[in-house]
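I opened this entry to keep a record of what I looked up in the model, beginning with its internal spaces and moving on to the sheet and the backbone.

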Amino acid sequence: MTTRRNILVAGASLATARAFAQAQNDWNSSSAEREGLRAAEVEDTLRDGESVPGLRALLVARHGALVAERYYDGPTADSLQAINSVTKSVCSLLVGLALRDGRLKSLDDTVAELIPESLAEVPTSAAAGVTLRQILSGRTGLARDWRRWRELENAQPLVRYALSQPGELAAGSTAWTYNDAMVALIAPILRRAQGADLADLASRQLFGPMNIESHVWEPDGDGNSLAAAGLMLRARDLLKFAAMMADGGRWQGVQVVPQPWVAASLRPYVPVAWRFDPISEVGYGFLWFTGRLHGHQVAWAWGYGAQVSLLVPDLGLAVATATSPRPPDLAKQAKAVLALVGRLVKAAT
């Protein structure tokens with residue numbers, strides 16, 4: 001499959017020192033001790049990450065300053081790494097920006113209203129009456145096996161494929177379901193509303209203001225950016241999203257995402273049956289998970305195999321992980337990574 005590169009990625013011929021210096025430029029730096037974390041606990045946690053086979057990066061920031069990071073088994077600070085379904089959380093921010101700019105009218109508009117030309121090709125679609133709000137909060141009433149991901153990724157045309165999915169739950173169900181096909185519809189919805197591909201919108205509205213200088217966004221079978229997954233970022237840039245959300249949508253003093261949209265995105269609308277130990281009370285906002293961790297409200301973007309961008313608003317804390325796990329090790333991987341994340345939160349309390 002052809003990879004779409006939207007911003008030039010630093011080539012391997014650049015000197016390591018130059019690449020590292022470039023990575024340093026977009027974060028304020030500090031130390032764990034200076035930012036009120038127990039430095040020894042942070043260092044022990046990063047060291048213990050070496051025993052998690054699929055872990056590739058573990059980073060922590062507080063009050064907008066990068067305080068600790070560690071890379072494992074090859075990647076460096078400027079390596080692009082797959083973030084899989086964290087892409088969904090990035091797309092949620094693009095929806096908020098489209099609402100801010102009046103390009104989208106309401107979260108309560110239905111798929112039939114948002115992409116009527118596509119619905120005309122699949123008039124009996126179970127998704128026709130689903131609202132954008134339901135897509136974002138995982139309450140479409142439609143269920144889909146996430147293991148059918150490649151089928152969705154390669155579908156041509158993807159929109160017709162997504163709209164042709166059968167209704168597997170009763171219409172209007174309030175239960176949470178994970179449905180990549182419904183999330184994939186965000187791409188054509190925003191293209192119709194904004195006249196641009198997801199990657200182009202993100203470059204202009206998010207990556208530019210957040211000083212994210214390189215990324216790769218894998219295309220679907222039609223050559224358009226996927227909404228459900230496919231984005232690759234540096235681990236430092238993945239961390240920026242948690243830090244930005246923890247600061248009410250601001251990055252280094254610049255309001256990137258409206259604060260009301262941040263608050264709406266991080267509010268739990270429905271409980272989630274998935275387990276994320278040691279996180280409890282797991283819920284779902286607008287394509288962001290929510291819960292409690294060691295007595296604190298947290299929210300996080302989650303990718304296949306435990307890619308994490310987690311924020312603890314009352315602590316001003318952000319934690320990010322990058323992973324490359326083997327499929328048989330997914331459950332074990334997630335448990336080990338989240339244990340490390342929990343230890344970093346404890347170190348800040």
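**Cavities**

I searched the whole structure of this predicted model for enclosed space, and the search returned three cavities of 30 Å³ or more. I then turned to the largest cavity, for which I noted a volume of about 80 Å³. I listed 13 residues in its lining, and those closest to the centre are I135, G138, T177, N179 and V183. Which element gives the largest share of this lining? I found that helix α9, residues 180-184, does so with three residues. Sorting the lining of the largest cavity by residue character, I counted seven nonpolar, four polar and two charged residues.

**Sheet**

I next traced the strands, and found nine of them in an open sheet of mixed pairing, in the order β2-β4-β3-β15-β14-β13-β12-β11-β10. Because β2 (28-29) and β10 (270-271) each have a single partner strand, I recorded them as the edges, with one side of each left without a neighbour in the sheet.

I looked at one pair within this sheet in more detail: β12 (residues 289-293) and β13 (residues 296-303) are antiparallel and joined over five bridges. In this pairing I noted that G291 is placed opposite V298 of β13.

I also asked which strands helix α14 (residues 330-347) lies across. My list holds β3 (55-62), β12, β13, β14 (307-312) and β15 (317-323), and I noted that the helix runs at about 155 degrees to β15.

**Backbone details**

I checked the peptide bonds and noted a cis bond between Q156 and P157, with omega at about -10 degrees; P157 belongs to the loop between α7 (149-153) and α8 (158-163). I noted another cis bond between D277 and P278, where omega is about 10 degrees, and I placed P278 in the loop that runs between β10 and β11 (280-284).

Where does H63 sit in the chain? I located H63 in the loop between β3 and β4 (65-71), and I recorded for this residue, which is not a glycine, a positive phi of about 55 degrees.

**Confidence**

Finally I looked up the confidence of the prediction, and found a mean pLDDT of 90 for the protein chain, with 91% of its residues at 70 or more. Over residues 1-23 the pLDDT falls below 50, although I still noted 41 contacts in the model for this stretch beyond near neighbours in sequence.

Notes:
Residues are numbered from 1 along each chain as its sequence is written. This is a predicted model: local features need pLDDT of at least 70, side-chain atom pairs count only at pLDDT 80 or more; totals for chains, interfaces and linings use all residues. Side-chain values use heavy atoms; hydrogens and water are left out. On a 1 Å grid over the protein atoms alone, a cavity is a set of points where a 1.4 Å probe fits but cannot get out, and a pocket is an open set with protein on both sides within 12 Å along at least five of seven lines; lining residues have an atom within 4 Å of a point. Grid points are joined across faces, edges and corners, and a volume is the space filled by probe spheres set on the points. Helices (H or I, at least four residues) and strands (E, at least two) are DSSP runs, numbered from the N terminus. Ala, Val, Leu, Ile, Met, Phe, Trp, Tyr, Cys and Pro count as nonpolar, Asp, Glu, Lys and Arg as charged, and the others, Gly among them, as polar. Two strands pair if DSSP finds at least two bridges between them. Contact means heavy atoms within 4.5 Å. Axes are lines fitted to C-alpha atoms, for helices over the stretch in contact, and angles run from 0 to 180 degrees between N-to-C directions. pLDDT is the predictor's confidence in each residue, from 0 to 100.
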